[in-house]
Amino acid sequence: MDHHPMPSLPLYEAVFLNAPVGNCLLSPTADAIILSVNDAFVHASTRPREDLVGRRLFDVFPENPADPGDTGVSALRSSIAQAIATGKPQVMPAQRYPIRIVTTDGEVRFEERYWSAVNAPVFDKNGRLLCISHTTSDITDQIRAEMALRKSEARYRSLFESITEGFCIVEIIFDGHGAPIDYQFCETNPVFERQTGLQDAVGKRIRQLRPDYDRRWIGLFGEVARTGVPLRLREESKALQRWYDIHAYRVDEPRAHRVAVLFRDVTDEKRAEEELCHSEQQALEAARQAEAERNRLNAVLEATPVAIVVADATGGLVNANAANRLLWGHHPWSHSAGEYREWKGWWADGSERQGRRLAADEWTMSRVLRGEEAPRDLIEIETFDMPPVRRIIINSGAPIRDHDGRLAGGVVAQMDVTDRIAAEASLRETAARLRFTLESAGLGDWDVDLATGEVYHSLLHDRCFGYTEPVPDWSVEKFLQHVHPEDRHRVQAVIEDGAGRLKDWHYECRVIWPDGTLHWIAVHGSVRIADGKAARMQGIVSDITSRKQTEEKLRHASLHDPLTGLPNRTMLFEYATHMLSYNKRTNQHAAVLFLDLDRFKPINDTHGHEAGDAVLRAAATRLSRGLRAADVVIRLGGDEFVILLQDIRNPAFAAEVARHVIDRINEPYHIGDLALSVSASIGISIFPEDGTDIDTLVSHADMAMYQAKQSGRNNYQFFSPEFAAGTRQQLAIEQQLKAALRGETFYLCYQPVVDVASGEVVSVEALLRWRHADIGPDRFVPVAEATGMINPIGRWLLEEAARQHKTWLHHGLPAIPVAVNVSVVEFRDKDFVERFSRVTGEHGINANALQLELTETTMMDDIDHAVAVLTHLKRLGVKVLLDDFGTGHSSLAYLARLPLDKIKIDKSFVSRLENDVASQAVTDAMIAIGRTLNLEIVAEGIETARLLDYVSSHGCGQAQGFYLGRPMPGDAFEAWYREQKPSLPGARRSASGFH
């Protein structure tokens with residue numbers, strides 16, 4: 001035998017030795033050699049320790065060869081093997097394992113025992129398996145007790161069920177005051193169920209099983225539970241309608257409130273006794289029976305909800321029940337039917353006699369007393385209530401005859417159908433309204449019986465499928481034949497899903513009419529359920545062809561520009577997604593052309609939006625007709641268009657298209673009597689070189705278009721990163737301008753204009769400034785003009801200049817006019833004059849308090865418009881200044897037509913007067929022209945005393961420049977004016993000149 005050393009387990013040893021259950025350590029092998037055992041294991045095995053340690057577990061406890069049953073050895077072997085294999089404890093529930101006993105005289109016997117065991121692997125600190133801990137507990141006593149209990153319960157159950165009398169144990173339920181109110185069944189035997197008819201009573205209360213149960217029984221059983229005094233009696237259970245001999249006694253302790261009831265059904269015995277008694281009293285009972293019959297008849301008459309009247313052959317009242325009295329109010333009939341002549345009644349049967357008053361002999365009782373049958377008389381009566389009430393009733397009457405067939409009287413039953421008639425009328429009205437609603441809404445209704453296949457369908461239903469007459473043989477199959485083949489499978493799936501899942505459904509589909517035309521219908525369906533499954537399908541159908549056409553028009557409208565009919569921005573991205581995907585798959589180039597019309601805004605401003613719209617429509621037509629069928633023209637908005645070239649050979653093809661487009665756009669537009677001209681600036685981006693998505697391509701083409709405008713307009717430019725950088729800078733300025741308008745970061749400075757002879761300040765020029773260190777007016781004003789933001793900026797500037805002028809007046813300064821610069825964009829606005837007039841009026845200042853400075857370019861772009869606007873302003877008293885005189889290219893003839901008040905000689909000439917003879921000659925000529933035209937002349941850029949002397953000596957009356965005063969905020973100018981006014985330089989200077 002191999003020796004396996006006992007593993008060293010110091011932490012486990014104390015538990016192992018002192019455990020109250022048997023424990024041994026086994027080798028981690030299939031032999032399961034016992035390495036060590038504790039005292040509890042030695043005691044349980046009935047062997048000395050030396051007979052255990054070192055031996056195989058299955059040799060120490062061999063199986064009983066005479067025992068054919070499973071002794072648990074195979075389960076033990078499997079459990080130990082599993083513990084070794086998995087490294088996890090294995091639990092063995094109760095096992096029968098006979099133990100071998102050797103008596104002192106050498107006799108060997110096996111004693112049947114029951115064990116539970118746990119086989120747990122034991123590892124060292126390095127995780128190596130050392131041994132298997134086999135822990136056992138002897139549960140023999142527990143198992144034998146359970147077996148004895150089951151045998152005892154079986155004997156009790158057999159005895160309980162074999163009792164030939166009814167038996168039950170009940171638990172009495174008491175209320176808070178100690179009074180018994182109910183009892184609950186704890187146990188019953190089969191005889192109990194047969195005799196009482198109460199099935200599955202255990203766990204239920206008697207009140208739950210028999211709500212009409214006599215409370216007296218609850219009180220009797222409750223007294224037994226409370227006092228412990230047994231009860232014996234013979235009693236009838238009215239709820240069960242049986243007689244019983246009862247024996248009740250308390251069981252368990254008093255607090256359990258349990259009572260055992262043993263009872264015997266003595267109903268048959270009791271009935272035998274009653275029959276004997278009955279035979280003795282039969283004669284008396286017969287006499288009473290007639291009276292009882294009459295009483296029962298009266299009780300029935302009183303209880304029935306139908307009004308009943310019984311009369312004898314002479315019409316005398318025999319009986320009238322409560323329902324009759326309730327129907328008529330205070331019943332007036334006390335003697336005979338002849339009193340009907342005093343009653344009020346009218347026919348209500350819908351015949352030709354409808355509404356006619358009943359005669360006395362027409363009442364139902366009158367007719368049946370003549371021997372007539374009156375199955376259903378529909379009449380309207382007036383009750384004897386105060387005030388009287390009208391009711392509609394149905395009278396049914398029949399004569400009463402004796403055994404010989406002679407008339408003995410009559411009976412009339414009356415039922416109030418007022419509410420039913422009203423409900424039927426309401427139902428008919430509702431049905432009529434529903435039909436009217438369906439017909440008004442153009443809804444056809446249908447109903448399919450799934451069991452019979454029968455189909456109801458209205459004419460409006462049939463019209464949805466193109467029939468003007470009702471279709472006699474409609475069916476679900478015929479309906480599906482009308483559905484468009486492309487929609488048929490989907491529709492059939494929706495219907496089957498609704499029927500299968502018992503839910504409502506809705507779908508829209510196309511149907512083909514008999515004439516071959518295509519129409520749209522909408523169907524709403526629902527399922528009616530019977531016995532848990534679909535029984536009927538019902539619904540409505542409507543022709544939605546017009547709606548679908550409208551939706552298509554709306555969709556077309558949502559994807560197209562309403563003015564030109566071209567695809568819009570939404571369509572651009574939808575179409576471009578497909579186009580670029582195709583080009584990517586086929587490695588084809590594509591191009592995006594971003595087009596903006598030049599000189600379009602003056603058309604709108606001068607000739608109105610109708611003329612502008614006509615030009616846009618004409619331009620759109622030219623663009624569409626001048627391209628290939630695969631190319632697409634989109635209007636983004638305003639005067640901006642995008643052209644998508646589907647596939648191109650090379651960028652040169654895009655340039656060729658751009659030149660062609662520019663030529664077509666440049667052709668004159670004849671709008672009414674007008675001949676208008678516009679040009680186009682186009683930017684081009686190429687797919688995929690300049691971008692692989694439409695957003696990028698459009699953005700880059702937009703940048704290239706901006707470069708085309710910067711390059712003089714009426715040309716095209718390809719996108720390039722270098723141009724893009726400048727364009728992005730312009731866009732950045734545009735974004736900052738928008739933020740400036742919202743954040744009020746603009747402000748005005750005021751530079752004085754001085755009379756050179758007197759030194760007086762004759763006006764100030766309002767100069768726009770932006771609280772941004774890196775961007776001056778020379779950079780942000782062109783961007784504002786190009787983006788249209790110059791209009792809100794100009795409105796703000798005009799308002800602020802007017803406000804400042806009013807402030808100076810309040811502070812005591814004289815009415816110093818403020819000159820404001822007006823851009824060409826503002827000047828073209830047809831509402832400019834009205835806005836100017838409104839500003840002066842709102843601020844309460846004179847029109848001449850504000851002067852307008854315009855450049856030659858502003859006015860010469862449309863000389864007729866300029867003359868008309870300036871003439872209007874002159875009538876208001878406004879002075880007009882021509883700024884930067886000499887830098888433009890206007891003719892003197894145009895200049896003479898303009899209603900000007902001042903000209904300002906540009907500082908580019910004035911600044912060179914000291915050294916440049918040519919500048920002196922030009923300046924002298926401009927001064928001469930101004931004086932000839934009788935205009936005030938202002939020299940800009942006066943930086944030195946010598947420049948002031950020169951312009952003064954050559955006839956220039958006013959001057960402006962840093963030498964005379966720098967641009968200052970409004971409050972600073974006010975302080976400067978008060979301080980500097982006496983010392984302003986003037987005519988006291990010499991007039992020597994520079995010669």
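## Exercises on a predicted chain

Buried residues account for 44% of the 995 residues in this chain. Keep in mind that the model is predicted. The chain has 34 helices and 38 strands, so let's dig into a few of them, using the cut-offs where needed.

**Exercise 1.** Find out which residues have the most contacts inside the largest nonpolar core, and which helix gives the most to this core.

*Solution.* Start with the core itself: it has 79 residues. Those with the most contacts inside it are Leu737, Val818, Leu852, Leu870, Leu873, Leu900 and Phe973. Next, look for the helix: H25 (residues 790-810) gives the most, with 7 residues. Now zoom in on Val818. Setting aside neighbours within four places in sequence, its contacts include Tyr750, Val764, Ala801, Trp808 and Leu850. Finally, don't miss the second, separate core of 35 residues, with Leu595, Ile603, Ile648 and Ile686 among them. As a bit of background, nonpolar side chains in soluble globular proteins tend to be buried together.

**Exercise 2.** Work out how helix H18 is oriented relative to helix H22, and which residues make the contact.

*Solution.* First, read the geometry: H18 (residues 569-586) and H22 (residues 694-710) pack at an angle of about 110°, with axes 10 Å apart. Angles of 65 to 115 degrees count as roughly perpendicular, so H18 is roughly perpendicular to H22. Then list the partners. H18 brings Leu572, Phe573, Ala576 and Leu580, while H22 brings Ile694, Asp695, Leu697 and Val698. Sorted by class, that gives 7 nonpolar, no polar and 1 charged residues.

**Exercise 3.** Decide whether Thr840, His257 and Asn934 are buried, partly exposed or exposed.

*Solution.* You need two cut-offs: buried is under 20% relative accessible area, and exposed is over 50%. Thr840, in helix H27 (residues 832-843), has 6% relative accessibility, so Thr840 is buried. His257, in the loop between strands E11 and E12, has 29%, so His257 is partly exposed. Asn934, in the loop between helix H32 and strand E37, has 71%, so Asn934 is exposed.

**Exercise 4.** Spot the backbone oddities at Pro688, His257 and Asn934.

*Solution.* Recall the usual picture: most residues other than glycine have a negative phi, and most peptide bonds are trans. Now check each place. A cis peptide bond joins Phe687 and Pro688, with omega about 5°; Pro688 lies in the loop between strand E29 and H22. His257 isn't a glycine, yet its phi is positive, about 55°. Asn934, also not a glycine, has a positive phi near 60°.

Notes: Residues numbered from 1 in each chain as written. Predicted model: local features only at pLDDT ≥ 70, side-chain atom pairs only at ≥ 80, totals over all residues. Heavy atoms only, no water. Core = buried A, V, L, I, M, F, W, Y, C linked by side-chain atoms within 4.5 Å. Buried < 20%, exposed > 50% of the residue type's maximum accessible area, 1.4 Å probe, protein only. Helix = DSSP H or I, 4+ residues; strand = E, 2+ residues; numbered from the N terminus. Contact = heavy atoms within 4.5 Å. Axes fitted to C-alpha atoms, helices over the stretch in contact; angles between N-to-C directions. Parallel < 35°, antiparallel > 145°, perpendicular 65-115°, else oblique. Nonpolar A, V, L, I, M, F, W, Y, C, P; charged D, E, K, R; others polar.
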